[in-house]
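Hi,

Here is the structure I promised to pass on. Have a look at it first, and my notes on what turned up are underneath.

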Amino acid sequence: MPLEAGLLEILACPACHAPLKEQDTELICTAQDCGLAYPVRDGIPVLLVDEARRPA
């Protein structure tokens with residue numbers, strides 16, 4: 001289920017504060033040196049660095 005457009009505009013990566021983009025069931029940091037992927041569970045973004053994964 002996609003996030004509301006307004007919500008995605010105000011969210012930022014907790015680690016580096018770069019904008020996030022939605023991809024499948026995750027929010028991906030757009031910063032080249034960060035790139036963390038945050039899960040979205042039941043339509044709620046989990047923006048905890050401990051819960052994020054490093055993309056391959």
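**Notes on strand 2 and its surroundings**

Let's start with Glu 26, which sits in strand 2. Keep in mind that this is a predicted model. Confidence is decent: the chain has a mean pLDDT of 91, with 98% of its residues at 70 or more. Among the elements of the chain, strand 2 has the highest mean pLDDT (96), while helix 1 (residues 5-10) has the lowest (86).

Is Glu 26 buried or exposed? Its relative accessibility is 18%, and the cut-off for buried is under 20%, so Glu 26 counts as buried. Its side chain has a partner there: a polar contact of 2.8 Å links it to the side chain of Arg 53. Setting aside neighbours within four places in sequence, Glu 26 is in contact with Arg 53, Lys 21, Ala 37, Tyr 38, Pro 39 and Val 40.

Now the sheet around it. It is an open sheet of 4 strands in the order 1-2-3-4, and the pairing is antiparallel. Strand 1 (20-23) and strand 4 (44-45) are at the edges with a single partner strand each, so each has one side without a neighbour in the sheet. Strand 2 (residues 26-29) pairs with strand 1 over 4 bridges, and Lys 21 stands opposite Ile 28 in that pairing. The two strands make a hairpin with 2 residues between them, and Asp 24 in the turn has a positive phi of about 55°. Towards strand 3, strand 2 has 3 bridges, again antiparallel. Here Glu 26 stands opposite Pro 39.

Which way do the side chains of strand 2 point? Glu 26 and Ile 28 go one way, Leu 27 and Cys 29 go the other, and all of them are buried. As background, side chains in a regular strand alternate between the two faces of the sheet.

Leu 27 and Cys 29 bring us to the core. The largest nonpolar core has 13 residues, and those with the most contacts inside it are Leu 27, Cys 29, Cys 13, Leu 20, Cys 34 and Tyr 38. Strand 2 and strand 3 (37-41) are the elements that give two or more residues to this core. Leu 27 has a long contact list even without residues up to four places away in sequence: among them are Leu 3, Leu 8, Leu 11, Leu 20, Leu 36, Tyr 38, Val 40 and Leu 47.

Last, the cysteines, since you may wonder about disulfides. How many disulfides does a search of the whole structure find? It finds 0. For Cys 29, the closest cysteine sulfur is that of Cys 16, and at 3.4 Å the two are too far apart for a bond. A disulfide here would need the sulfur atoms within 2.5 Å. The two residues also sit in unlike surroundings: Cys 29 is buried, with a relative accessible area of 5%, whereas Cys 16 counts as partly exposed at 32% relative accessibility.

Cheers

How values were computed: Residues numbered from 1 in each chain as written. Predicted model: local features only at pLDDT ≥ 70, side-chain atom pairs only at ≥ 80, totals over all residues. Heavy atoms only, no water. Pairing = 2+ DSSP bridges. Buried < 20%, exposed > 50% of the residue type's maximum accessible area, 1.4 Å probe, protein only. Polar contact = N/O pair within 3.5 Å; in protein donor to acceptor, adjacent residues only side chain to side chain. Contact = heavy atoms within 4.5 Å. Core = buried A, V, L, I, M, F, W, Y, C linked by side-chain atoms within 4.5 Å. pLDDT = per-residue confidence, 0-100.
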